[in-house]
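Got your viewer open and a selection box ready? Load the model below and we'll walk through it stop by stop.

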Amino acid sequence: MESLEEKLKGLSIARRSCPEEPTYLLDMALQPCGLLAVTCSNFTIHVHDKDSLKLLGEYKGHSGPLCGVTFAHGSPDLLYSGSADGTVRAWDIRRPSTDASQVFKSDPAHSYCSWDLSCSDTLLCAGTEQINHEDSFLVFWDTRKPGDSVLGVYSESHSDDITQVRFHPRDKDRMASGSTDGLVNVFDLTRGTEEEALLATCNSDSFAASVCWCGPDYSWLMCLGFDEGLHLWDLGQLDSDKPLTVFSTNDARSLVPLVEGASLDYLVGGRWLEEAQKLLVVGGTNSGELHLMECNSGGLHLLKSLQGGHATMVRCFTWDAAVGALFTGGEDAQLLLWKPGQNELTVGKGESMKSVSALKLKSRPHKKHGYQKGGKTT
């Protein structure tokens, strides 16, 4: 069986897609049946053929910045998206360019900056921005009851914008959330109250930019910070006296040995590759170079660097395990497909485009506080 290192070694650009309108590509989701959904900074969602990158449909309806996209696990024709406009929407991709088939919302004051769908497809959760410099909320819905019929709300576990919500890939009742308050919380949603549901509070010492379930049986949790910190926690130790922290650094960029003259300016995110049993972390440079790294208890280890693709920062990626392919999207509006031993074909506008989008990440001073709420802390 070909190792992950061997698969990555042969990657080259197979397809390049450039939309007519310059826009940041912010997030992406892969559908097993052959589609790729991408969110854009102009509040639209593009659906592409994953092999050719041909644009198949565009979905409009959100009026604020998008904060994620995913296909339903059991219904691949259903695509979900969330937005700062205070809605999570479901789209039937069999009807391109039509209105959302379902809309989930809560209090009009809520602006969502994260959300996720449970592995059972029955539960949605969205994290809000902080309201009136006081409260932030985790809002839950039953997907079988769309509209403003909220299933429940958690209001005490975070004290600032909730930037990440991640359901466990196999346990529909396990969920993690991350915030600009520096905390990453883990919940068991089968328990009655919010206080009872909170299993663990992990401190990332920074704004939580990305949270990823990983490791054997997805019992580990990785957090990347806005300041490029990296933290790995083993939640399998929740019922033991052993520490949860597997690895922690406040700036992972300096830990990766690179060839002379190369740099690592930022981390994009991480993804657990089930077939390889490895945690893939993608980082890059401001000029578009990409570094593919393995993350484990020893830190980050460079596997492959990719040049000649993007012209500026990369915002999102996903891995297609079925064919060993990598998809990347960036602030240059380009969507790239990387495959072993390929010759590049361009789809759409040929020249590289630099985005003129005004969308910026929030950057506020980190609030230091001593808040801890139940469960095991680290």
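What follows is a tour that begins with the whole chain and then moves from one selection to the next.

**Stop 1: the whole thing**

Before you click on anything, keep in mind that this is a predicted model. Switch to cartoon view and you'll be looking at two helices and 30 strands. The protein has 378 residues, and 55% of them are buried. Of the contacts between residues at least 6 apart in sequence, 50% join residues at least 24 apart. Now turn on the surface: about 15800 Å² is accessible, and carbon and sulfur atoms account for 47% of that.

**Stop 2: the largest cavity**

Rolling a probe the size of a water molecule over the atoms shows where empty space is left. Here, there is one cavity of 30 Å³ or more, and the volume of the largest cavity is about 40 Å³. To see its walls, select Ser 17, Pro 19, Leu 25, Val 38, Cys 40, His 46, His 48, Ala 333 and Leu 335. Strand 3 (35-40) and strand 4 (45-49) are the elements that give two or more residues to this lining. Colour the lining by class and you get six nonpolar residues, three polar ones and no charged ones.

While Ala 333 is still selected, add Glu 20. How far apart are Glu 20 and Ala 333 in sequence and in space? The two are separated by 313 residues along the sequence, yet their C-alpha atoms sit 9.1 Å apart. Glu 20 belongs to the loop between strand 1 (11-18) and strand 2 (25-31). Is Glu 20 buried or exposed? It is exposed, because its relative accessible area is 60%, above the 50% cut-off.

**Stop 3: the second largest pocket**

Next, go to the second largest pocket, which holds about 240 Å³ of space. Its lining counts 16 residues, and those nearest the centre are Leu 123, Phe 140, Leu 151, Asp 173 and Leu 189. Show strand 12 (138-142) and strand 13 (152-154) as well, since each supplies at least two lining residues. Strand 13 gives the largest share, with three residues. The class colours come out as six nonpolar, five polar and five charged.

**Stop 4: two backbone oddities**

Most residues other than glycine have a negative phi. Asn 132 goes the other way: it isn't a glycine, but its phi is positive, about 55°. You'll find Asn 132 in the loop between strand 11 (123-128) and strand 12. With a relative accessible area of 62%, Asn 132 is exposed.

Now jump to Glu 228, another non-glycine with a positive phi, this time about 75°. Glu 228 is in the loop between strand 19 (220-225) and strand 20 (230-234). Which is it, buried or exposed, for Glu 228? Glu 228 counts as buried, because its relative accessibility is 11% and the cut-off is under 20%.

**Stop 5: a buried serine in a loop**

Select Ser 204, in the loop between strand 17 (198-203) and strand 18 (208-214). Being in a loop doesn't leave Ser 204 open here: at 2% relative accessibility, it counts as buried. Beyond residues up to four places away in sequence, Ser 204 touches Gly 182, Cys 223, His 231 and Trp 233.

**Stop 6: a histidine with two polar partners**

Move on to His 310, in the loop between strand 25 (299-306) and strand 26 (314-320). His 310 is buried, with 6% relative accessibility. Which side chains make polar contacts with the side chain of His 310? One is Thr 328, at 2.7 Å, and another is Asp 332, at 3.2 Å. Leaving aside neighbours within four places in sequence, the contacts of His 310 also include Ser 287, Gly 288, Leu 290 and Gln 334.

**Stop 7: a methionine inside**

Last selection: Met 293, in strand 24 (residues 290-296). Its relative accessibility is 0%, so Met 293 counts as buried. Show everything in contact with it, skipping neighbours within four places in sequence, and you'll light up residues including Val 256, Leu 264, Leu 267, Val 281, Leu 300 and His 301. Leu 279 is another of these contacts. Met 293 and Leu 279 lie 14 residues apart along the chain, with their C-alpha atoms separated by 8.3 Å.

Note on methods
Residues numbered from 1 in each chain as written. Predicted model: local features only at pLDDT ≥ 70, side-chain atom pairs only at ≥ 80, totals over all residues. Heavy atoms only, no water. 1 Å grid on protein atoms, 1.4 Å probe; cavity = no way out; pocket = protein on both sides within 12 Å on 5 of 7 lines; lining within 4 Å. Points joined across faces, edges and corners; volume = space filled by probe spheres on them. Helix = DSSP H or I, 4+ residues; strand = E, 2+ residues; numbered from the N terminus. Nonpolar A, V, L, I, M, F, W, Y, C, P; charged D, E, K, R; others polar. Buried < 20%, exposed > 50% of the residue type's maximum accessible area, 1.4 Å probe, protein only. Contact = heavy atoms within 4.5 Å. Areas by Shrake-Rupley, 256 points an atom, 1.4 Å probe, with all protein chains shown as cover. Polar contact = N/O pair within 3.5 Å; in protein donor to acceptor, adjacent residues only side chain to side chain.
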